[in-house]
Amino acid sequence: MSKVTVRIPTALRSFVGGADEIGLEAETVGRVISVLADRHRGLIERVCDAEGRVRPFVNLFVDGKNIKTSGGLDTPLADGAVVSIVPAVAGGR
Amino acid sequence: MSEPSAKDRRLAELRARIPEIEPAEALKLQSAGAALIDVREADEIAQGSPPGALRLGRGFLELRVEEAVPDKNRTVVVTCAGGVRSLFAAESLASLGYRDVRSIRGGFNKWKNGGLPVEVPRTLTAQERERYGRHLLMPEVGEKGQLRLLDARVLLVGAGGLGSPVALYLAAAGVGTIGLIDFDVVDRSNLQRQIVHTDDRVGTPKVESARKTLLGLNPAIKVVAHETRLDSTNVESIFDGYHVVVDGSDNFATRYLVNDACVKLRIPNVHGSIFRFEGQVSVFWPAYAKRRGPCYRCVYPEPPPPELAPSCAEAGVLGVLPGVIGLLEAVETVKVILGIGDPLVGRLLHYDALPARISELTLDADPECRYCREGAVFPGYVDYDVFCSSAGQGP
Ligand SMILES: [Zn+2]
């Protein structure tokens with residue numbers, strides 16, 4: 001299993017006790033999603049739809065690269081990988 | 001009969017050697033590829049000069065001409081005010097090895113009186129040289145770059161948290177025309193971060209308040225106030241003619257309108273957005289010549305529905321944060337205007353203030369994007385519902 005860090009955006013930190021990062025073990029991005037879904041109720045509904053697809057206003061990055069171009073949820077994770085969850089943010093005022 | 005003066009003898013000698021042509025013929029030669037050199041002094045040229053002329057003052061002509069016209073076989077037409085100085089200059093060019101040098105008979109005066117095209121070349125005034133001295137010292141900006149800034153037209157969507165620092169620094173930098181769109185009035189709770197406004201302007205329209213501050217900082221710029229809410233019916237007519245749009249809006253409905261209009265009009269969209277302690281910056285500009293980057297919809301095809309967006313009550317923001325993100329937007333804007341450096345096209349800078357972390361994330365263009373893919377037929381604007389338009393106040 002790869003030890004990875006998941007960066008939680010501000011808007012979703014209330015679901016993880018306020019943490020900005022979570023460490024967990026997962027081989028793929030998809031596995032990260034299911035681990036988070038098991039442990040933190042409410043968070044994953046905001047990232048994925050009922051069919052498990054990443055929502056159109058959220059992007060997932062592995063070490064800064066968008067998973068849309070690197071294999072989607074099957075993107076493999078190496079030891080030490082950083083997975084960033086980045087939702088669209090509208091604020092400006 | 002008195003003896004001709006030395007000057008007259010010399011002129012007669014020059015006229016015998018240098019072909020003199022009429023202004024109209026000079027214009028024809030210039031259109032056909034000849035170099036037109038205006039050798040008058042800077043204060044004369046400031047009153048007008050033939051368009052496209054190389055302006056090499058008589059004093060520096062020999063020093064600079066080879067850089068300006070490296071090809072000695074190129075036809076060179078020289079002009080001055082009345083056609084005398086140009087004869088001396090032409091002879092000098094011939095002696096430097098230029099093979100076909102001609103002089104305009106009657107000079108620029110005859111050119112202008114004959115109704116031929118004239119342009120008033122832009123140069124910095126003494127005041128501008130003083131104000132922008134620190135820019136002029138850098139070769140990446142210089143006089144040419146400063147003139148580009150002065151000629152630039154930048155539209156700021158939102159005169160709020162992000163718009164404030166952007167507006168202040170662009171005005172200071174000498175961006176010549178700054179457009180501001182905002183329909184709101186200054187509220188005291190804005191002043192925790194919206195530093196372009198002041199306490200004594202609470203209750204007055206934001207665009208007017210911002211205009212006062214900006215003109216106080218730099219009275220020479222032009223501030224265009226668009227006191228209106230952006231929607232699908234006005235977005236294109238407002239955006240048209242601006243060179244860069246800076247998105248500092250506060251709701252998804254506006255952000256998608258900004259994106260869609262910028263894609264359609266091929267305007268770079270300098271994007272910044274903030275939430276509490278976190279901000280994002282990028283440049284969405286599919287038409288960028290050096291690299292194919294995404295538009296906002298390639299990255300976020302649709303806005304979240306209200307029930308999945310952060311609740312309005314949560315939408316606080318650290319007052320300093322829009323300063324950080326807005327200034328990154330301002331830097332990108334200046335880079336885009338000057339054409340220097342590597343803009344954030346295809347990259348997103350993500351700033352998280354609490355751990356003090358900046359991450360760079362790669363954004364790719366979606367080849368299937370309905371708005372920016374090659375050959376896309378513009379699908380039209382969408383008026384999404386506006387929610388959370390002002391933090392904590394609802395729409
Ligand atoms: Zn696109």
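Buried means under 20% relative accessible area, exposed means over 50%, and partly exposed lies in between, with a 1.4 Å probe and protein chains only. By that rule B:Ala356 is exposed, because its relative accessibility is 59%.

This is a predicted model, in which local features need pLDDT of at least 70, side-chain atom pairs count only at pLDDT 80 or more, and totals for chains, interfaces and linings use all residues. Residues are numbered from 1 along each chain as its sequence is written, chains are lettered from A and ligands numbered from 1 in the order in which they are written, and side-chain values use heavy atoms, with hydrogens and water left out.

## Domains

Chain B is divided into domain 1 (6-123) and domain 2 (133-362). These bounds come from an automatic or database domain assignment. The C-alpha centres of the two domains lie 46 Å apart.

## Sheet in the N-terminal part

Strands (E, at least two residues) and helices (H or I, at least four residues) are DSSP runs, numbered from the N terminus. Two strands pair if DSSP finds at least two bridges between them. An open sheet of 5 strands in chain B has the order 1-5-4-2-3, with parallel pairing. Its edge strands are strand 1 (20-21) and strand 3 (54-55), each paired on one side only. Strand 2 (residues 35-38) and strand 4 (residues 76-79) of chain B are parallel and share 4 bridges. There, B:Leu36 stands opposite B:Val77 of strand 4.

## Strand pairs around strands 9 and 12

The table lists four further pairs in chain B.

| Pair (chain B) | Sense | Bridges | Facing residues |
|---|---|---|---|
| Strand 6 and strand 9 | parallel | 4 bridges | B:Leu156 and B:Val246 |
| Strand 9 and strand 10 | parallel | 3 bridges | B:Val246 and B:Val270 |
| Strand 11 and strand 12 | antiparallel | 5 bridges | B:Gly279 and B:Tyr351 |
| Strand 12 and strand 13 | antiparallel | 6 bridges | B:Arg347 and B:Thr362 |

Strand 9 (residues 244-247) of chain B is covered on both faces. B:Val244 and B:Val246 are buried on one side, B:Val245 and B:Asp247 on the other. In a regular strand the side chains alternate between the two faces of the sheet.

Strand 12 of chain B is largely enclosed by the rest of the structure, because 5 of its 6 residues are buried. Strand 12 and strand 13 form a hairpin with 4 residues between them.

## Positive phi in two loops

Most residues other than glycine have a negative phi. Which residue in the turn of the hairpin has a positive phi? B:Ala356 does, at about 55°. B:Ala356 lies in the loop between strand 12 (347-352) and strand 13 (357-362) of chain B.

B:Arg276 also has a positive phi, about 60°, although it is not a glycine. Its loop runs between strand 10 (269-275) and strand 11 (278-284) of chain B. B:Arg276 counts as partly exposed because its relative accessibility is 30%.

## Helix 15

Helix 15 (residues 321-338) of chain B has 18 residues. The expected span of a helix is 1.5 Å times one less than its number of residues. For helix 15 that gives 26 Å, and its end C-alpha atoms are 26 Å apart, so the two agree. The helix is largely enclosed by the rest of the structure, because 13 of its 18 residues are buried.

B:Leu338 belongs to helix 15. Is B:Leu338 buried or exposed? B:Leu338 is buried, because its relative accessible area is 8%. Contact means heavy atoms within 4.5 Å. Leaving aside neighbours within four places in sequence, B:Leu338 is in contact with B:Glu140, B:Val141, B:Gly145, B:Arg148 and B:Leu149. Just after the helix, B:Gly339 takes a positive phi of about 65°.

## Zinc site

Donors are N, O and S atoms within 2.8 Å of the metal (3.2 Å for Na, K and Ca); water is not among the atoms, so sites may look incomplete. The zinc ion is coordinated at 2.3 Å by the SG atoms of B:Cys295, B:Cys298, B:Cys369 and B:Cys372. Their spacing along the chain is C-x2-C-x70-C-x2-C.

Four donors count as tetrahedral if all angles lie between 85 and 135 degrees. The zinc site is tetrahedral, with angles of 91 to 120° among its 4 donor atoms. B:Cys295 is buried at a relative accessible area of 0%, and B:Cys298 counts as buried at 2% relative accessibility.

Definitions and conventions: Four donors count as tetrahedral if all angles lie between 85 and 135 degrees; four count as square planar and six as octahedral if opposite donors are over 155 degrees apart and all others between 65 and 115; anything else is irregular.
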